[in-house]
Each structure stands twice: as C-alpha cells, then as structure tokens.
Amino acid sequence: MRAVQVQEYGGPEVLRTVETKVPEPGPGQVSVDVAYTGVNFADLKARGEGYRVPSLPFVPGLEVSGRVRALGEGVSGVEVGQEVAALTNGGAYADVVVADATTVFPLPSGVDLRTAATLPTVLPTAYALVHAVGRLQPGETVLVQGAAGGVGTAVGQLAKAAGASGVFGVVSGAAKAKYALDHGYDDVFVAPSTNSTASTNSTASTVSAGFVDEVRATTGGRGVDLALDPVGGETFRASLASLAVFGRLVSFGNASSAEPWRVGQPELYPTGLSVSGFSILTLAQTAPDALRALAEKAFAAVAEGVVSLPVTAEFPLEEASEAHRLMGGRTSTGKLLLRVA
C-alpha cells in the first residue's frame, strides 16, 4: 500500500510516498481503508520537530474517514465495510491505517465520508473548549486565537449557538478576518504573524500579541470571560491579560514552540482568574470514554446543522507536501484534506 513517510525532520519536502506493508489490527484495534485524511498543524510540528513522534521513520496523520477493513480480537460495535471516522495515533497518511476501537466512530446519518474526515480531531476539540473545559455560559464573551482555522471555525459557531453575547477572534490577515466573520464571530482583530524564534526547528509562526487593547476597547474595558489559546508564548500571556474578572483561559496547543507556560499566584489571585488545558490526543489515551462522549455530542451538532467545517482545499495523498506548504504559510482557512481513495 501507499504511505507518506518522514525519514528525517525538515520542511514539506521530507514527505515521501513509499510502498509498505498493510498493517493488521491487534487486539482492541480496527483497520480502516482510508477515504480521506485530515491535515492538522500537529502534523506539521511532527514533520518539522518530532512532535509526538516515537521514532523515525514515521507516517504522519491523526484522523481519517473510510470503511472498516478488519477487526482485531475483542472488538465489537462496528462491522467490516461500515463507514467510520477515526482518531489515530499517527499513520493516517496512508491507504490503510490502524486505530484503537475506542476512537473509531460510526458515521451519523447524513454525514458523508468527505465531511467525516473533518470531524475526529477538530469537532470534539472545539466542543470541549466551549462546553466541557471552557464551560461557556449564555451571555458570556469568548476570545479565540486562530479564529479562521479548523478549530476556530467550529468554535465560533458553537459559541454562538451556546448563547455567547460576544464571540471575538484573532487572525493574522484581513482575508482570514472576513472568513471568521462569516462563521459566527462578532468582531475579529488582525494581529500580523511573526516568525517564531522559540525553536530553530519550528515551522510555526505566531500571531503578534498586540490585540489586548482592542479586546479591552471592544468590551468597554471589561475583558472576556473565556479565552482559547493554541499558540502559547507571548500570545498566551496576552490572552491572559484579556480576561475579565473571574475569567478563564484554556490552553490547547503550543504552535509557537515557546517554553511551556507557567502561571501562579501573582497572575491569578488579583482578579480570580483560572487556567486549564486540553489535548484531544492525550484524552484519547487517558480517558477514552470521555472522548467518545465528546465526539458523540460534537458529531450530533454536525448532523443537526449546528456547526459545519468547510473543506477549503483538497490534495491527492501524493501531494501531502503541498498541503503542508499551504498550512505552513498561514494563509489557509477552514479544513485541509488529503484524498486517499
């Protein structure tokens, strides 16, 4: 079968299509004939700096849609030939991938395979940020970094559906601002991207943290009740500075590759702030039942038309490097897919 492999860390050019053996599912696992694979920023960090990579060579990719090929010992709840979406622990840039049965989800009625490939990582993450971790209440305000990306697109719609009185986004350019305004945002602040200097191997650029004054001005000096940050570094600090009294910040990534954030009494005590974190990949390992519950609610929101995630670009599997170049250039919006079968 075909697989896109990384044999050394570097730019998009290190992605190479190779022929390799078809993987077989072990106990508690399912193999899937892949139709579409979702492209995520975590894939770029894996390719460029070894994020969550156990060893080289490796095949990137964290989410797929397709049809069940084979079942490992002890697996129930899905059948061979059934259409599914799956969250994987890598290996999704391939014709066939193996996933733990706990992260393989039968498709809701009315959801096709192309749409399904957008669901496994982005939608449960967005749902958790708004509800399970962020605990957004009707009438509250929310600030979202990367508002035009996959998670940002879904969060804007979910926050509006949850009754937020103000949904504000931060993006790196005017085109992205227009896109975000079409997907649930009431106001969007443009903070141009700057190249990250936190890691010499990083492919990331970070959004300038010069949005705090605009947030304060827009909210009458109050700040926001909830801030969602996938960037880290100075952007994390600026998001914290954008919070209202008793505000909450959820960190769900470190695109800047900055040093891990540390927050203590001096930052939190004066206005009763709180900081929490979320990683869907970690949750899949530590609390798969909680992940399944999140995924079911998120998928239901898609099936009911509460939220949609536009596919804005699609590439053949062999052109995975072009998908990485587009996402790495920070001009993409919505969701990028690889067409496998």
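**Ser257 and other backbone oddities**

I started with Ser257, which sits in the loop between S14 and helix H8 (265-268). The model is a predicted one, and I kept that in mind while going through the backbone angles. Ser257 has a positive phi of about 60 degrees, and it is not a glycine. Most residues other than glycine have a negative phi, so I flagged it. Is Ser257 buried or exposed? Its relative accessibility is 11%, under the 20% cut-off, so I put it down as buried.

Next I pulled up Phe246, another non-glycine residue with a positive phi, about 65 degrees here. Phe246 belongs to strand S14 (residues 243-251). I checked its surface too: the relative accessible area is 62%, over the 50% cut-off, so Phe246 is exposed.

Then I went through the peptide bonds. Which one did I note as cis? I noted the bond from Leu56 to Pro57, with omega near -10 degrees. Most peptide bonds are trans, so that one got a mark in the margin. I located Pro57 in the loop between H1 and strand S4 (63-71).

**Lys335**

I looked up Lys335 and found it in strand S17. At 2% relative accessibility, Lys335 is buried, so I wanted to know what its side chain meets. I found two partners for the Lys335 side chain: Glu63, through a polar contact of 2.4 Å with its side chain, and Asn40, whose side chain makes a polar contact of 2.9 Å.

**Thr115**

I placed Thr115 in helix H2 (residues 113-116). Its relative accessibility is 32%, which lies between the 20% and 50% cut-offs, so I have it as partly exposed. I also took the C-alpha separation from Thr115 to Tyr36: 9.1 Å, with their positions 79 residues apart along the chain.

**Pockets**

Rolling a probe the size of a water molecule over the atoms shows where empty space is left. I began with the largest pocket, which has a volume of about 1,100 Å³. I counted 41 lining residues, and Phe41, Ala42, Val151, Pro230 and Phe252 are the closest to the centre. Which element gives the most to this lining? I got H1, with four residues. Elements that supply at least two residues each include helix H3 (122-132), helix H4 (150-161), strand S9 (166-171) and strand S17 (335-339). By class, I tallied 21 nonpolar, 15 polar and five charged residues in the lining of the largest pocket.

The second largest pocket holds about 390 Å³. I have 25 residues lining it, with Asn89, Gly90, Gly91, Val97 and Val98 closest to its centre. Here S6 gives the most, with five residues; strand S1 (2-6) and H9 each supply at least two. I split the lining of the second largest pocket into 13 nonpolar, ten polar and two charged residues. I noted that H9 (280-286) also supplies at least two residues to the lining of the largest pocket.

**Cores**

How many residues does the largest nonpolar core have? I got 59, and the ones with the most contacts inside it are Leu123, Val155, Leu228 and Phe278. I followed up on Leu123: leaving out residues up to four places away in sequence, it touches Thr118, Ala154, Ala298, Val302, Val307 and Leu309. I also logged a second, separate core of 34 residues, with Ala46, Val78, Val84 and Leu338 among them.

Note on methods
Residues are numbered from 1 along each chain as its sequence is written. This is a predicted model: local features need pLDDT of at least 70, side-chain atom pairs count only at pLDDT 80 or more; totals for chains, interfaces and linings use all residues. Side-chain values use heavy atoms; hydrogens and water are left out. On a 1 Å grid over the protein atoms alone, a cavity is a set of points where a 1.4 Å probe fits but cannot get out, and a pocket is an open set with protein on both sides within 12 Å along at least five of seven lines; lining residues have an atom within 4 Å of a point. Grid points are joined across faces, edges and corners, and a volume is the space filled by probe spheres set on the points. Ala, Val, Leu, Ile, Met, Phe, Trp, Tyr, Cys and Pro count as nonpolar, Asp, Glu, Lys and Arg as charged, and the others, Gly among them, as polar. Buried means under 20% relative accessible area, exposed over 50%, partly exposed in between (1.4 Å probe, protein chains only). A polar contact is a pair of N or O atoms within 3.5 Å; within protein, one must be able to donate a hydrogen and the other to accept it, and residues adjacent in sequence count only if both atoms are side-chain atoms. A nonpolar core is a set of buried Ala, Val, Leu, Ile, Met, Phe, Trp, Tyr and Cys residues joined through side-chain atoms within 4.5 Å. Contact means heavy atoms within 4.5 Å.
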